[in-house]
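Got the viewer open? Keep the selection box handy and follow along, one stop at a time.

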Amino acid sequence: MAMTEEEMNERREYAKKAGWKIFAIWLVLSIIAVALILYVWGPHMPPGDMTTSAASQQFDFKVLTAMVAPVLLMVWVYGGWSLINFHATKTDRGDGIPLRGNRKVQGIWYVGSAVLVLFLAGFGTYELINGNGVGTGEGPSPIWKPTAKHMLVVQVIAQQWRFTYRWPQFGGKHSANPLESDLQGQSDILRHVHSGEARMRR
């Protein structure tokens, strides 16, 4: 049995009210989620903030996670609302609202998605360049290099659980960092397995 014009108008009015309710629920949950990510979970995100590089990476993770949370919540809220309210009941014999699309909603979704993706791409690229490529895994020939003219060379020697630091520009001395300067690191990893430890592990 086809729906009358009055019934279709009632359905449209219900859909508008439902849309505003969904938006309100999503907005409240998004504000709470973003606040929890930035101020509760964020300070505990790896790799921590004990170095400037680690703190920069933690900041990037917090921003990316905070930007993704509202999108994820929109999918969950709308999906949950649809499952609860937009399903057919046993006594429902009428037709649903004719789907003719909604250009306003579609436009908001397309523009919002494009802006979000482009912002995250730009933000990620800027953060890589801003940190002189730190953490990009560029190897011995990085694209971005520090602009300092005088580099302090530090040779880091890792022997299992012990790290020693050698300063070639200061006669190869083993000491703490003697200058507040930009550092150029050289890493050597020495692995020693003592025969006694090897036998004990067997």
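How many helices and how many strands does the chain have? Colour by secondary structure and you should count 4 helices and 4 strands. Bear in mind that this is a predicted model. Reading from the N terminus, the elements go α-α-α-β-β-β-β-α.

Before zooming in, a few whole-chain numbers. The chain has 202 residues, and 18% of them are buried. Its accessible surface is about 16000 Å², with 64% of that belonging to carbon and sulfur atoms. Among contacts with a separation of 6 or more, 57% are between residues 24 or more positions apart.

**Stop 1: helix 1**

Select residues 5-41, which is helix 1. For its 37 residues, 1.5 Å a residue predicts a span of 54 Å, and the end C-alpha atoms are 51 Å apart, which agrees. Now show the side chains of Met8, Ala18, Ile22, Trp26, Ser30, Ala33 and Ile37: these are the buried residues of helix 1. Part of what covers them is helix 2.

**Stop 2: aromatic rings on helix 1**

The structure holds 4 aromatic pairs. For one of them, pick Trp20 and Phe23: the ring centres are 6.0 Å apart and the planes sit at 90°, so this pair is edge-to-face. The two residues are 3 apart in helix 1, which puts about one helical turn between them. The reason this spacing matters is simple: an α-helix has 3.6 residues a turn, so residues three or four places apart point the same way.

Are these two rings buried or exposed? Trp20 counts as exposed, at 63% relative accessibility, while Phe23 is partly exposed at 37%. Add Trp26 to the selection, and you have a cluster of Trp20, Phe23 and Trp26 linked by ring pairs.

**Stop 3: the loop into helix 2**

Move along to Pro47, in the loop between helix 1 and helix 2. Check omega for the bond from Pro46 to Pro47: the peptide bond is cis, with omega near 5°. For context, most peptide bonds are trans.

**Stop 4: helix 2**

Next, select residues 52-85 for helix 2. This helix has 34 residues and reaches 50 Å from its first C-alpha to its last, close to the 50 Å expected at 1.5 Å a residue. Its buried residues include Ala54, Asp60, Lys62, Val63, Pro70, Val77, Trp81 and Ser82. Helix 1 and helix 3 (103-130) are among what covers the buried residues of helix 2.

Gln58 deserves its own click. This helix 2 residue is buried, with a relative accessible area of 4%. What does Gln58 touch, leaving out residues up to four places away in sequence? Expand the selection around Gln58 and you'll find Gly42, Pro43, His44, Met45, Pro46, Pro47, Gly48 and Asp49. Two of those names, Pro46 and Pro47, are the ends of the cis peptide bond from the last stop.

**Stop 5: the nonpolar core**

Which residues make up the largest nonpolar core? Select Trp26, Ala33, Ile37, Met45, Ala66, Ala69 and Leu73, 7 residues in all. Helix 1 and helix 2 each supply at least two residues of this core. As a rule, nonpolar side chains in soluble globular proteins tend to be buried together.

Centre on Leu73 to look around from one member of the core. Leaving aside residues up to four places away in sequence, Leu73 touches Trp26, Leu29, Ser30 and Ala33.

**Stop 6: Phe86**

Phe86 lies in the loop between helix 2 and helix 3 and is partly exposed, at 39% relative accessibility. Draw a C-alpha to C-alpha distance from Phe86 to Ala15: the two are 71 residues apart in sequence and 9.6 Å apart in space. With residues up to four places away left out, Phe86 touches Tyr14, Ala18 and Trp81.

**Stop 7: the first hairpin**

Finally, go to strand 1, residues 152-159. Of its 8 residues, 7 are buried, so strand 1 is largely enclosed by the rest of the structure. Select residues 162-167 as well: this is strand 2, and strands 1 and 2 pair in the antiparallel sense over 5 bridges. To see one such partnership, pick Ala158, whose bridge partner in strand 2 is Phe163.

The two strands form a hairpin with 2 residues between them. Click on Gln160 in the turn, where phi is positive, about 55°. By comparison, most residues other than glycine have a negative phi.

Definitions and conventions:
Residues numbered from 1 in each chain as written. Predicted model: local features only at pLDDT ≥ 70, side-chain atom pairs only at ≥ 80, totals over all residues. Heavy atoms only, no water. Buried < 20%, exposed > 50% of the residue type's maximum accessible area, 1.4 Å probe, protein only. Contact = heavy atoms within 4.5 Å. Areas by Shrake-Rupley, 256 points an atom, 1.4 Å probe, with all protein chains shown as cover. Pairing = 2+ DSSP bridges. Expected span 1.5 Å × (residues − 1). Core = buried A, V, L, I, M, F, W, Y, C linked by side-chain atoms within 4.5 Å. Phe/Tyr/Trp six-rings, centres within 6.5 Å; stacked < 30°, edge-to-face > 60°.
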